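This report goes through a predicted model, beginning with its interior and ending with the chain as a whole.

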Amino acid sequence: MAATLSALVLLGTGFAWYSVDALTTGLERLDGLGLGGGQDGAVDILLVGTDSRTDAHGNPLSDDELAALRVGPDVTTNTDTIVLVRVPNDGSSATAISIPRDSYVDVPGIGKSKINAAYGATMAETRQRLIDAGDTDETEIARATEQAGRQALIKTVAQLTGITVDHYAEVGLLGFALLTDTVGGVDVCLNEPVDEWMSGANFPAGEQRLDGAQALSFVRQRHDLPRGDIDRIVRQQVFMASLVHQVLSAKTLTNPAKLQSLSDAVTRSVVLDANWDVVKFVEQLSDLAGGAVKFETIPVADLNGTTDYGESVVLVDPSAVRAYIGSVVSGTAAARSTPDKSSMKVDVSNGAGVEGLAGRVSTALIDAGFGRGAVSNYGGTSTETKLYARDTDNDLVQAVAKTLGGPDRVTDESLPDDRVRVVLGPDYAGPGSDQYTDPDQDTDGASAGTSATPIPPAPPIDAGRNGPKCVN
């Protein structure tokens, strides 16, 4: 998949040598993404690589371009590269944090899902809803579905990481190849030779320079790698680090011909949010050095997790992810801290018709650290368990839902911020019920594999090294 950071790096360095108007006029801009809102001493950018078979302006790729990229005409759209980049306001450093594509997370409006499907699944759901409502304008439907998909991904990443996303950048398959070719290819190094037909990766061991199409195969491969998608992320990171080092140290963009190629590649392949003042941002990066650009990956609880219906997923613990990101970015700004569970009181109403169930559930919640709330019988008819809260995206509200097994969350503005109301239905099978079995690992709708494979964070990869880092 497209390693989107390359687009940002080339945008930044290109502005230093080329006319701002020439490079920005043709950019595709997006509005209404629900970005920003936090002043935390840094700019937080969500960089997304999609498997879209169109360019930034929605034009389909030609058959020749698809053949050169070694991809078929797949019509689905997933975000298979997701990177959160944090740049302090003084522009002194940049930290890029990768999120595995198969991370099993809570997607607003969808529920538990792989994070790379947040974009595509939301698009599909929105499209069907618009068609059912009688909409027939395909252009308007496409615009609305893409916006909904991007909004869902932005909310999902913010919810997982605890970091408010300020800006959004997106590049597809063609863009990655064009941007790589613009700088004359990028150096990589492999520990062993590889020949994997699905991605088209066929490379010898050792150091080598890859052109755009080869680089796309290099960063897309995940089959036949010891750690699957984790090794693919490492490949993407070393590729991006090598690109950053090349651009910042070798003054790649002093060549006017390359600058024109850069302008053409960027305007055809990069999508940015409408409110991003890129010129001001680039000024912040004027003193950035390769060694100050680092690449990290969130911790993984189990690389070989499985959902209740048998789908293979990567299990992540949101609290561990936030704690790790907090430690990574603590030098630039304080990450959102985990609030005290006891400050959230939980009222429990029994609508399941099972004697004593509300009391047992309330006790389980208190044992889990939440505040004591009221226990009662539900006065109406409840067919399924619901959780009511003023802010359903609140960390503690999500923690209550996770403890109870993931019931649907419903907004109720009559409730205070520090109170949750749970109505138990006949479907309830969480703590306190006769059906409940305490899992080996709390993974909210998924379980660890027969042999859990946690992947703790590795030392960061930086762009200041001499020569590319050799990888699987």
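## Nonpolar cores

In this predicted model, the largest nonpolar core holds 57 residues, and those with the most contacts inside it are Leu-69, Phe-218, Phe-239 and Phe-295. Helix 8, which covers residues 229-250, gives the most to this core, with 8 residues. Apart from it lies another core, of 33 residues, which includes Ile-154, Ile-230, Val-271 and Val-314. In soluble globular proteins, nonpolar side chains tend to be buried together.

Leaving aside residues up to four places away in sequence, Phe-239 touches Phe-176, Thr-180, Val-186, Val-188, Ala-215, Phe-218 and Val-219. One of these partners, Phe-218, is itself listed among the residues with the most contacts inside the largest core.

## Helix 5 and its ends

Helix 5 runs over residues 138-161, and at 1.5 Å a residue its 24 residues should span 34 Å; the C-alpha atoms at its ends are 35 Å apart, which agrees with that expectation.

At the N-terminal end of helix 5, Asp-137 acts as a cap, with a side-chain oxygen 3.0 Å from the backbone nitrogen of Thr-139. Just after the helix, Gly-162 takes a positive phi of about 80°.

## The protein as a whole

The secondary structure comes to 13 helices and 23 strands, and of the 472 residues of the protein, 52% count as buried. Among contacts with a separation of 6 or more, 76% are between residues 24 or more positions apart. The protein exposes about 20,200 Å², of which carbon and sulfur atoms supply 48%.

Notes
Residues are numbered from 1 along each chain as its sequence is written. This is a predicted model: local features need pLDDT of at least 70, side-chain atom pairs count only at pLDDT 80 or more; totals for chains, interfaces and linings use all residues. Side-chain values use heavy atoms; hydrogens and water are left out. A nonpolar core is a set of buried Ala, Val, Leu, Ile, Met, Phe, Trp, Tyr and Cys residues joined through side-chain atoms within 4.5 Å. Buried means under 20% relative accessible area, exposed over 50%, partly exposed in between (1.4 Å probe, protein chains only). Helices (H or I, at least four residues) and strands (E, at least two) are DSSP runs, numbered from the N terminus. Contact means heavy atoms within 4.5 Å. The expected span of a helix is 1.5 Å times one less than its number of residues. A polar contact is a pair of N or O atoms within 3.5 Å; within protein, one must be able to donate a hydrogen and the other to accept it, and residues adjacent in sequence count only if both atoms are side-chain atoms. Accessible areas come from the Shrake-Rupley method with a 1.4 Å probe; for residues, only the protein chains shown count as cover.
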